[in-house]
Amino acid sequence: MKRESDLRIFVVALSLALVCSVIVSVTAVMLQPIQAKNATINRNRNVLIACGEYNPKVSIKEAFKNIRTGFVKLGTDKFVESDDLSDFYRNFQQISTSPETSVDVPENLPSIGYPTVAKRMPAYILQNEKGQISKVVIMVYGKGLWSTLYGFLSVKSDGRTVQGLTFYQHGETPGLGGKVDNKDWKQQWNGKKLYGKSGNVRISVIKGNVDATAEDAKYKVDGLSGATMTTNGVDNLIKFWVSDFAYGTFLKSLSLSGGSK
């Protein structure tokens, strides 16, 4: 009798586990479109936050009417428009590692923690009422302490002045590396310069606080207190993505295009 009772318990438990796994699997599949849509909304919201255009009273779709979306071929000034970037984000890991769609990262550049990156990366061009470029937003990412930080850097139409920086996904320590979400810290980026007069990358996230009276203060941002590894990660990823290997050539071409790219 005890053996039959144990078998019955085992069968019931196994049946319950199978039913629960089926329910979880079906639910996950059904929720995928909703999750994908929410992820797109979150990314687009952060694009608007980075360039200082986010207004919670205006729908994301409405706010994007004056934004051209597309891809920049790394190392060039080529921008190819695309109305839908969702496929790129959805297949990002594969695109950034596949030999056909990726390129090796040069060893002489600051490390972002990955040996390859996608050959084409997303860009968002904001236009004014006259159809001229007012700001550009580029995707940036790189390793911090515990996670990869994914974000957007907004640059003004001169191609060298920062409008804003925001991270839409990361897993850094709250209160330490998580300070990348701090409003005051992000505000520091507005107005900073990416390049020196010769076109070399000058922007830097330093250890400690920036001396506002120093001549090179316009190239520096305060480090994150108690989060050296995250600070180094942000410093590296910004320097990498604005280099001539990545978006640099495209950004520098903005001032030459007279706002009509």
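Q: What stands opposite K143 in β7?
A: K143 faces T148 in β7. The model is a predicted one, in which local features require pLDDT of at least 70, side-chain atom pairs count only at pLDDT 80 or more, and totals for chains, interfaces and linings use all residues. Residues are numbered from 1 along each chain as its sequence is written, and side-chain values use heavy atoms, with hydrogens and water left out.

Q: What makes β6 and β7 a pair of strands?
A: Strands are DSSP runs of E with at least two residues, numbered from the N terminus, and two strands pair if DSSP finds at least two bridges between them. β6 and β7 are joined by 9 bridges in the antiparallel sense, so the criterion of at least two is met. M139 also stands opposite F152 in β7, and a hairpin of 4 residues links β6 to β7.

Q: How do you know that β5 pairs with β6?
A: There are 5 bridges between β5 (residues 120-127) and β6 (residues 133-143), which run antiparallel; the pairing therefore satisfies the minimum of at least two bridges. A123 stands opposite I138, and Y124 opposite V137. In the turn of this hairpin, which has 5 residues between the strands, G131 has a positive phi of about 85°.

Q: Why are β2 and β8 called edge strands?
A: The open sheet has 6 strands in the order β2-β1-β5-β6-β7-β8, with antiparallel pairing. β2 (79-81) and β8 (162-169) each pair on one side only. On its paired side, β8 is joined to β7 by 6 bridges, and G164 in β8 is the bridge partner of S154.

Q: What makes β6 and β7 mostly covered?
A: A residue is buried under 20% relative accessible area, exposed over 50% and partly exposed in between (1.4 Å probe, protein chains only). By that criterion, 9 of the 11 residues of β6 are buried, as are 8 of the 9 residues of β7.

Q: How do you know that the length of α6 agrees with its number of residues?
A: A helix is a DSSP run of H or I with at least four residues, and its expected span is 1.5 Å times one less than its number of residues. For the 14 residues of α6 the expected span is 20 Å, and the end C-alpha atoms are 20 Å apart, so the two agree.

Q: Which strands does helix α6 lie across?
A: Helix α6 (residues 228-241) lies across β5, β6, β7 (148-156) and β8, at about 130° to β6. Such angles run from 0 to 180 degrees between N-to-C directions, with axes fitted to C-alpha atoms, for helices over the stretch in contact (heavy atoms within 4.5 Å). Among the buried residues of α6 are V234, L237, I238 and W241.
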